[in-house]
Structures are given as structure tokens and as C-alpha cells.
Amino acid sequence: LSQRAMGNALLRCCVPTRSLQGQSEDDDGPPPKTPTPATNRVQLAASELFTVPGLATAYHTSVLVNGEEFFFSDSGILWDRSLTSHQGQPSELVDVGLSRRTGSQLLAVLQPHFMPGSYDLIQKNCNSFSDCALHFLLEKRLDRRYSALERLGQRASASMLQRFTKGMYVPNPVAADFSVESVIGQVDKLPELERQGPAADAAQLARSRPALSIGARVTVVGLKNAEALNGQGAVIQRYNAVNGRWEASINFTGEIKALRAENLRPAGELVLQPGDSCRIHSLKSETGQALNGQEGTVLRYLHDVSRYEVDVGGMTKALKAENLQVVQAGAR
């Protein structure tokens with residue numbers, strides 16, 4: 001992108017949430033504290049998906065902090081440095097500003113609002129996340145042109161949506177009451193210490209790398225309508241931002257299948273399903289050692305942190321597959 005193009009795009013991609021007013025010379029009270037320098041580079045990546053003539057263009061967007069991309073999918077908030085969700089080549093890559101907040105703080109604060117399994121193509125999608133992320137980082141909002149098509153969809157009837165998507169759109173009840181404005185309001189009410197999130201850095205993000213990425217080797221699990229594929233190895237080829245699925249080539253046949261995150265596990269890892277009973281072992285930390293030998297029930301797999309969520313005596317723990325062993329398989 002040329003500097004002129006980037007500059008013009010910058011004017012269009014985001015708008016300030018509110019103006020920031022400085023303290024006048026006549027104000028009483030102690031001088032303001034020196035703010036933390038804004039040194040974290042924030043960018044918006046956008047890719048055109050398709051256009052509905054006469055209506056609007058559909059976009060997929062994500063936010064980058066110091067080159068680390070953060071985007072929302074049915075796997076929750078994912079992050080990497082390869083612009084995975086745009087196949088490495090977004091239509092637009094725009095500098096938005098410098099933030100005092102980091103990518104790890106963004107993840108810590110917004111993750112509870114964008115959990116795995118809560119994605120909805122119309123009600124709660126990548127643009128919903130980008131809007132909240134830009135507000136958190138810079139107190140700016142995503143330009144409405146990026147979300148124009150889903151806003152039309154939100155006003156359409158269920159029957160119209162089914163006709164328009166040829167039956168592909170299935171509303172997610174988990175996202176039925178989602179509101180970007182509600183999330184922003186809740187985040188704004190957090191004390192500053194909580195908005196900063198836990199102390200974390202790029203190294204910590206790297207250690208908790210999401211399970212799914214381009215080129216990752218995976219095992220297909222839990223399919224109901226194509227059970228013959230269960231247990232097959234595959235390689236992820238791309239993320240499809242239109243339907244929120246991962247397209248993977250099956251090792252045995254070479255065919256490409258569009259699969260939900262819940263039907264993929266990292267290759268070579270123990271495969272557990274919700275309802276399975278498991279035993280915890282080999283945890284090294286002081287608190288973890290107290291869990292060794294205890295049994296729990298698998299709730300789900302968390303692709304955003306590559307761990308299983310396990311109910312252990314009423315407590316919910318996120319544990320690596322290597323620290324679990326099957327005691328009894330649940331009903332399939």
C-alpha cells in the first residue's frame with residue numbers, strides 16, 4: 001500500500017470514541033500523573049469477502065498489536081504473526097495509532113467476552129471483536145462500512161437469511177443476546193488495574209500458542225455425518241472467514257474439508273471428548289501437584305490455549321492433554 005493510500009484508509013477505518021481533553025492551566029488539584037508512553041503499534045487488517053450488488057460488501061477484519069494478529073472465530077480469540085485469517089494478504093493493512101496497552105492485555109480483557117463456541121456470522125463475528133479491540137486499545141471504533149452487511153442481516157427476518165445464505169446460516173443461541181455496546185460498557189467500568197490485565201508479554205503469548213494455524217497437523221474427531229473421517233490425519237490449509245471454519249486436506253485422500261474447530265485436535269495429542277472421565281498426572285507446579293491423581297470430567301477443548309477444560313470436584317481447570325489420561329469414555 002502506498003503512503004497516500006494508507007493515509008486515506010486511516011481516515012476511514014476508525015473513528016474516535018470520544019475526544020481527549022487535557023487539563024487547563026487554571027485547574028486546581030495535583031498535577032496529573034505522567035501517563036505510560038504509548039509505544040504499541042496498532043493496525044487494522046481487512047479483507048473483502050464478497051459483495052452483494054446494491055447492498056454492501058462483506059469484510060473480515062482483525063487487529064494487530066506490534067505485528068501480532070488477533071482475530072475472533074468459533075475457536076475464540078486466536079493470535080499469530082502470519083496474518084492467518086487473511087491468508088497472509090489482507091486487502092487493507094492500516095496503521096491506526098499507538099496504544100499504551102499491549103496485545104496480552106487485550107487478550108486478557110476481551111477473552112471472557114469472546115469465548116470459543118460463541119461465534120455467529122451475523123450477531124457476533126470478527127468485526128464485533130475488532131470494534132471492541134480498537135476501543136480498548138485506542139478508544140476508537142471500527143468504521144461502520146466494515147460491518148454494513150451483517151447490520152443488514154441483523155434486521156432481516158430468519159426466512160430471508162435462510163434464502164440469502166441458501167440455508168448455510170444457522171443462528172448460534174449463545175450469541176443471541178450479544179451486544180458490542182454492552183461489552184464496551186463493561187470494559188470501560190473495569191478499574192484501570194483490571195483493564196491492564198495480568199502481567200504478560202510476547203513470550204507468554206508464544207508459549208500459549210493456539211492449536212490451529214496454517215500448516216498445523218491435526219486429527220479429525222467427533223463428526224456425526226461423516227464418521228469415516230474421524231481419526232483421520234489432516235493438514236490445515238486456510239481459515240475461511242465467511243463460514244468461520246478451517247479448511248484442511250485429509251492425508252489419506254487429499255480432499256479438502258471445511259471443519260469446525262471443535263472437530264479438530266493437534267496431531268499426536270490424546271483425544272478426549274466432552275463427558276469423558278480422566279485422571280490428572282505429572283503436573284509440576286506446587287498447586288498443580290495437589291491435583292495429580294484426581295479425576296475429572298472433560299467439558300470441552302479450548303483451541304485458543306491448546307488445553308482441555310476439565311471439571312475437577314466443581315472447579316474448572318484448563319489442562320494440557322499430556323497431563324490427562326482416560327479413565328472412562330463418555331457417551332458418544
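1. In this predicted model, strand 10 and strand 11 form a hairpin, with five residues lying between the two strands. Within the turn sits Gly 254, whose phi angle is positive, at about 85°. The two arms of the hairpin, residues 245–250 for strand 10 and residues 256–259 for strand 11, pair in the antiparallel sense over four bridges. To find your place in this pairing, look for Glu 247, which stands opposite Ala 258 in strand 11.

2. Further along the chain there is an open sheet of five strands, and its order, read across the sheet, is 16-15-14-13-17, with antiparallel pairing. Strand 16 (315–319) and strand 17 (324–328) are the edge strands, and each of them pairs on one side only. If direction is ignored, neighbouring strands of this sheet are turned by 45° against each other on average.

3. One pairing within that sheet can be followed residue by residue: strand 15, which covers residues 307–312, pairs with strand 16 in the antiparallel sense over five bridges. Here Val 312 stands opposite Met 315 in strand 16.

4. Turning to the chain as a whole, its secondary structure comes to nine helices and 17 strands. The chain has 332 residues, of which 45% count as buried, and it exposes about 17,500 Å², with carbon and sulfur atoms supplying 51% of that area.

5. A last point concerns contacts along the sequence: if one takes the contacts between residues at least 6 apart in sequence, 63% of them join residues that are at least 24 apart.

Methods:
Residues are numbered from 1 along each chain as its sequence is written. This is a predicted model: local features need pLDDT of at least 70, side-chain atom pairs count only at pLDDT 80 or more; totals for chains, interfaces and linings use all residues. Side-chain values use heavy atoms; hydrogens and water are left out. Two strands pair if DSSP finds at least two bridges between them. Axes are lines fitted to C-alpha atoms, for helices over the stretch in contact, and angles run from 0 to 180 degrees between N-to-C directions. Buried means under 20% relative accessible area, exposed over 50%, partly exposed in between (1.4 Å probe, protein chains only). Contact means heavy atoms within 4.5 Å. Accessible areas come from the Shrake-Rupley method with a 1.4 Å probe; for residues, only the protein chains shown count as cover.
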